[in-house]
Amino acid sequence: MSFPATRLRRLRRTPALRGLVRETSLSPDDLIMPLFVTAGTGVREEIAAMPGIYRHSISELVDEAAEIHAAGVSAVLLFGIPSEKDETGTGAYDDAGVVQMAIRALKEALPDLTVITDVCLCEYTSHGQCGFVRDGEVDNDITVELLARTAISHAEAGADIVAPSDMMDGRIGSIRYQLDEEGHSGVAILSYAAKYCSAFYGPFREAADSAPSFGDRHGYQMDPANGDEAVREAKLDLDEGADALMIKPASHYLDIVRRVKDETGAPVAAYQVSGEYSMLKAAGANGWIDEKKAALEALISIKRAGADFIVTYYAKEAAPWLA
Ligand code: PBG
């Protein structure tokens with residue numbers, strides 16, 4: 001029966017009716033807050049293109065994480081900015097590295113906070129590429145070994161979940177195998193399964209000082225034109241032992257979020273990246289959009305597309321909006 005018997009507007013008439021038929025919900029515990037930890041002491045440096053986001057040294061990081069946790073966000077994703085970088089990214093798998101120390105401090109102060117770590121070499125290499133460079137190219141298999149060492153050092157420090165973001169082939173299998181060998185079978189892997197080669201990472205590279213000094217990342221991150229390939233990546237990572245899959249960026253890749261969710265049934269995360277955040281902040285600051293409404297619309301869209309949880313720089317700010 002169609003119009004006039006059917007009138008979809010009837011259930012949109014009042015806030016209460018709209019609440020009854022709302023299909024998607026968003027709550028603080030759907031959100032993961034990324035945090036940047038830097039060497040040194042007393043550091044709390046705002047990132048120019050990302051208002052409200054800071055580089056913190058360890059004790060400031062713990063304070064920030066305590067506020068985030070108190071706001072109802074149950075997980076953080078850690079990125080490290082080491083004091084020194086070198087050709088092989090040694091700082092990434094150093095037991096006394098900045099992320100390893102931060103994990104220990106967070107676990108001691110906030111044992112219930114879920115600590116996820118980004119596993120990649122780009123913040124630690126002098127050339128800024130995500131792996132070991134040989135003959136001008138990132139060598140896959142050597143990089144995988146270094147990533148597994150990194151993941152193990154994070155697990156040893158107490159990480160709950162490791163999240164490899166490098167896009168090397170075979171890294172999930174290798175990390176899973178080596179974690180298990182070292183007695184960390186309880187540490188989960190959140191794979192950045194479909195990470196696109198995106199211009200929206202720009203502000204992050206300023207924050208982490210990780211822009212490649214030569215070339216780009218097209219040789220390992222995915223081509224934004226591809227969708228079938230993302231599904232293949234996701235299935236391979238599950239076969240290799242991934243516990244959850246991440247799609248990144250989020251807003252321009254909602255079709256990928258939906259396809260990966262439908263075709264795998266696995267827990268799916270989406271990463272609303274630095275550029276997505278910066279655009280909302282900039283337009284809001286100029287008075288061109290209502291930032292709060294636009295940010296919440298972006299987040300609910302990501303969930304509606306099929307994400308179970310969202311990594312977002314809005315986590316801390318949005319938690320009280322949702323409570
Ligand atoms: C590191 C990594 C990047 C991001 C997350 N992990 C940067 C990159 O690949 O250049 C980007 C996150 C963001 O833009 O918020 N491999």
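**Figure 1. Aromatic pairs in the predicted model.** A search of the whole structure, which is a predicted model, finds 10 aromatic pairs. One of these is formed by Tyr 196 and Tyr 253, whose rings are stacked, with 4.3 Å centre to centre and 25 degrees between the planes. This pair links distant parts of the chain, its two residues being 57 residues apart. Tyr 196 belongs to the loop between strand S9 (188-195) and helix H6 (202-208), whereas Tyr 253 belongs to the loop between strand S10 (244-248) and helix H8 (254-264).

**Figure 2. Residues around the ligand.** The ligand is surrounded by 18 residues. The closest of them are Lys 195, Arg 205, Lys 248, Ser 274 and Tyr 313. Sorted by class, the shell comprises 9 nonpolar, 3 polar and 6 charged residues.

**Figure 3. Polar side-chain atoms at the ligand.** Two side chains are shown with oxygen atoms of the ligand: a polar side-chain atom of Tyr 313 lies 2.6 Å from one such oxygen atom, and a polar side-chain atom of Ser 274 lies 2.7 Å from an oxygen atom of the ligand. Asp 118 is placed at a nitrogen atom of the ligand, with a polar side-chain atom 3.5 Å from that nitrogen. Taken alone, the ligand exposes 410 Å², and the protein buries 100% of that area.

**Figure 4. The cavity that holds the ligand.** The ligand sits in the largest cavity of the predicted model. Both Ser 274 and Tyr 313 are among the residues closest to the ligand.

Key
Residues numbered from 1 in each chain as written. Predicted model: local features only at pLDDT ≥ 70, side-chain atom pairs only at ≥ 80, totals over all residues. Heavy atoms only, no water. Near = heavy atom within 4 Å. Polar contact = N/O pair within 3.5 Å; in protein donor to acceptor, adjacent residues only side chain to side chain. Areas by Shrake-Rupley, 256 points an atom, 1.4 Å probe, with all protein chains shown as cover. 1 Å grid on protein atoms, 1.4 Å probe; cavity = no way out; pocket = protein on both sides within 12 Å on 5 of 7 lines; lining within 4 Å. Sits in = over half its atoms within 2 Å of the grid points. Nonpolar A, V, L, I, M, F, W, Y, C, P; charged D, E, K, R; others polar. Phe/Tyr/Trp six-rings, centres within 6.5 Å; stacked < 30°, edge-to-face > 60°. Helix = DSSP H or I, 4+ residues; strand = E, 2+ residues; numbered from the N terminus.
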